[in-house]
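I opened this entry to look up charged contacts, surface charge and the nonpolar interior, one topic at a time.

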Amino acid sequence: MEKEKIHIEYVFDKVSKNSLWNYLTTPTGLAEWFADDVSIDGNIFIFTWNKHSQKAEQLNISLYSHIKFKWIDEDDENIYFEFQIKQEELTGGIALIITDFAEPDEKNNAISLWDSQIKTLKRTLGI
């Protein structure tokens, strides 16, 4: 079954781009909300959950704008996950747009997992 692209947007009021950026791009920040532990070896991020590790290659990065990863064990070169930060013009808030992929029958579970992780991120940021 072919995976479908998912775009999810979360709005963060009263948070700086710099603070959010650090939680999306550094091992310490990512370990606060995304995984139990994160380490880096060159451009390879090693994410650990419950003693199970998964590696992702950082494909590209643009300071305070976006970071894109590809899971090393994913065969399809077009499958990735990405964090984008955008300033909301009307409200002045910061939007975090997540792009991910999931099997059609797992799409709702994937969105629920991101919702849960973003709640943890917001709590970590104090919002």
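**Salt bridges and their surroundings**

I began with lysine 3, which counts as partly exposed because its relative accessibility is 30%, and I kept in mind that I was reading a predicted model. I then looked up its partner: the side chains of lysine 3 and glutamate 74 meet in a salt bridge, with 3.0 Å from N to O. I noted that this pair links distant parts of the chain, since lysine 3 is in the segment before β1 and glutamate 74 in the loop between β5 and β6, 71 residues apart. I checked the accessibility of glutamate 74 as well, and at 17% it counts as buried, because buried means under 20%.

How many salt bridges are there by this rule? I recorded a count of two. The other entry in my notes is the salt bridge in which the side chains of lysine 107 and glutamate 4 meet, at 3.5 Å from N to O. This pair, too, links distant parts of the chain, with lysine 107 in helix α3 and glutamate 4 in strand β1, 103 residues apart. I found lysine 107 partly exposed, with a relative accessible area of 28%, and glutamate 4 partly exposed as well, with a relative accessible area of 34%.

**Negative charge at the surface**

I next looked up surface charge and found a negative patch formed by Glu2, Asp73, Asp75, Asp76 and Glu77. Of these I followed glutamate 2, whose place is in the segment before β1, a strand that covers 4–12. Is glutamate 2 buried or exposed? I entered it as exposed, because its relative accessibility is 67% and the cut-off for exposed is over 50%.

I also looked up aspartate 41, which has its place in strand β2, residues 37–41, and which is exposed, with a relative accessible area of 57%. I noted that the C-alpha atoms of aspartate 41 and glutamate 57 are separated by 9.6 Å, the two residues being 16 apart along the chain.

**Nonpolar core**

Last, I turned to the interior, where the largest nonpolar core has 31 residues, and where Phe12, Leu20, Trp33, Phe34, Phe47, Phe83 and Leu96 are those with the most contacts inside it. I listed the elements that each supply at least two residues of this core, namely β1, α1 (17–25), α2 (27–33), β3 (44–49), β5 (66–71), β6 (81–87), β7 (94–102) and α3 (107–125). I closed the entry with α3, from which the largest share of this core comes, five residues.

How values were computed
Residues numbered from 1 in each chain as written. Predicted model: local features only at pLDDT ≥ 70, side-chain atom pairs only at ≥ 80, totals over all residues. Heavy atoms only, no water. Patch = residues over 30% accessible without salt bridge, like charges linked within 9 Å, V, L, I, M, F, W, Y side chains within 5 Å. Areas by Shrake-Rupley, 256 points an atom, 1.4 Å probe, with all protein chains shown as cover. Salt bridge = Lys/Arg side-chain N within 4 Å of Asp/Glu carboxyl O. Lys, Arg positive; Asp, Glu negative; His and termini not counted. Charge placed at Lys NZ, Arg CZ, Asp CG, Glu CD. Helix = DSSP H or I, 4+ residues; strand = E, 2+ residues; numbered from the N terminus. Buried < 20%, exposed > 50% of the residue type's maximum accessible area, 1.4 Å probe, protein only. Core = buried A, V, L, I, M, F, W, Y, C linked by side-chain atoms within 4.5 Å.
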